[in-house]
Amino acid sequence: MKFQELHISDKLKEGIESFNYSELTEIQEKAIPEILKSKDLLACSQTGSGKTAAFLIPIIERILSIKTSGIKALIITPTREICKQIEEQIVGLGYYTDTSYVAVYGGNDHDGFSRQKTALTEGADIVVATPGRLISHLALGYVNISNLDFLILDEADEMLDMGFYEDILNIIGKLPKKRQTLMFSATMPHSIRKLAKEILTEPYILDLNFSKPAEEIDQQVYMVYEKDKPAMLANVLKEHKDDKVLVFTSTKVSVGKISAYLRNAGIKNSSINSSFTQTERNDTILDFKSRKIRILVATNLLSRGIDIDDVNLIVNYEIPDKAEDYVHRIGRTARAGKLGLAVSFIGEKEILNFNRIEKLLEKDIEKLSNPEGISQGPTYRQITTGKKNYHKKRFSNKPRKGNNNKTAK
Ligand code: AMP
């Protein structure tokens, strides 16, 4: 379906044209008409599916017909990075419509807070916010959200994982009961269904079965001992000299180690993790977006929602503990239908994690032979966890062998 066929105002169509999108993505085609009809929505959607425009286009359209002043739409999102990306899309889509907006997130300077305060006090049409910072402003009393028409929870599962359940309920408690609510989530665990039940009214449910990675991603998997991973990574990066590459690790410490190793091996790269300042994070993401840097080493911080175009290669240097994170990480490539490659290294202690990933994907992924110069890694196998025994052991009342006076580490 073409955007021209949508029943929306010409001003908004002009904004969409500036993005050069030709056809609606699946989620846009399904969600936009329902949102325009005022339905609540629960959408299970993968990042990269075009979900941001799927809610912004109908929301901006609906706002155009509301004559009252004040905040009309509130978008809550887990991280500042996603917040800023949504803001960028509001700027482009709403360019010809005079829709006002403010992005409300922490980590910036005092001026940032004051600017947010002014826009909130004046009542920007759309507020896109992270929960923590929004609550800080709400507590100060100048934000009037009592006439709000639209609430959008983006990446809802991630917000719950980050422990924002109470904050979200607290914010929702201040909103009018009569409103349209849209919830987007990459996965649909019990906690999300429970929240949906509490805050949505007869929602239109869109399950695009997106706990699976896009078909366009070629997934290559190697068995690699931990000690061989640095050399293996250098090998892969040398083979993909022109690609834009995101290397994922599980901890801040390994981000630093890997980045330094690559630099010593003459491979230029940059790194990012949650302990960087907001400015450092912004600058690094901008440099990566503009290809000033080609290789970025990151933690899971970058695995969700961040919209960086034309990443051709994802390297899972470490296999994530949570199978869903694998899907999010490799979803950074093959965005909006492009082809992409994801290369993963399974170390000797990560076999169980990969078992879980294959279970989630409902398929086995072939383990390839390591290139010359890298020893063949551990043997892949199915590991049984023996959870029952673990429970018994941990809570057993029997005295432990050895010196009981030792302080636990
Ligand atoms: P999102 O899922 O919202 O993070 O969007 C992922 C990427 O898809 C963004 O770069 C959007 O600009 C892009 N996008 C959104 N809608 C379309 C579309 N209809 N056609 C092509 N690209 C799109």
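Me: Which residue in strand 5 does Ile75 stand opposite?
Reply: Good place to start, and keep in mind that this is a predicted model. Strand 2 covers residues 73-76, and strand 2 pairs with strand 5 in the parallel sense over four bridges. Within strand 5, the residue opposite Ile75 is Ile152.

Me: Which residue of strand 5 points the same way as Ile152, and is the pair buried or exposed?
Reply: Strand 5 runs over residues 150-153, with Leu151 and Leu153 pointing the other way from Ile152. Buried here means under 20% relative accessible area. Every one of these four side chains is buried, and the one that points the same way as Ile152 is Phe150.

Me: What is the bridge partner of Phe150 in strand 6?
Reply: Let's move to the next neighbour of strand 5. Strand 6 spans residues 180-185 and pairs with strand 5 in the parallel sense over four bridges. In strand 6, Phe150 has as its bridge partner Gln180.

Me: In what order do the seven strands of the open sheet lie?
Reply: We have already met some of its members: strand 5 pairs with strand 2 and also with strand 6. The pairing in this open sheet is parallel, and the order of its seven strands is 3-4-2-5-6-1-7.

Me: Which strands are the edge strands?
Reply: An edge strand here pairs on one side only. Look at the two ends of the order 3-4-2-5-6-1-7. The edge strands are strand 3 (101-104) and strand 7 (204-207).

Me: What is the average twist from one strand to the next?
Reply: Picture going across the open sheet of seven strands. From one strand to the next, the twist averages 10 degrees.

Me: Which residue in strand 4 is the bridge partner of Val102?
Reply: Strand 3 and strand 4 (residues 126-129) run parallel and are joined by four bridges. In strand 4, the partner of Val102 is Val127.

Me: Which helix packs on the sheet, touching strand 3 and strand 4?
Reply: The helix in question is made of residues 110-122. Its direction makes about 135 degrees with that of strand 3. This is helix 5.

Me: Which helix do the buried residues of helix 10 pack against?
Reply: Helix 10 (residues 229-239) has buried residues including Met232, Leu233, Val236 and Leu237. Residues three or four places apart in an α-helix point the same way, because there are 3.6 residues a turn. The buried residues of helix 10 pack against several strands, among them strand 8 and strand 13, and also against helix 11.

Me: What percentage of the protein's residues count as buried?
Reply: Stepping back, the protein has 15 helices and 14 strands. Of its 409 residues, the share that counts as buried is 53%.

Methods
Residues numbered from 1 in each chain as written. Predicted model: local features only at pLDDT ≥ 70, side-chain atom pairs only at ≥ 80, totals over all residues. Heavy atoms only, no water. Pairing = 2+ DSSP bridges. Axes fitted to C-alpha atoms, helices over the stretch in contact; angles between N-to-C directions. Contact = heavy atoms within 4.5 Å. Buried < 20%, exposed > 50% of the residue type's maximum accessible area, 1.4 Å probe, protein only.
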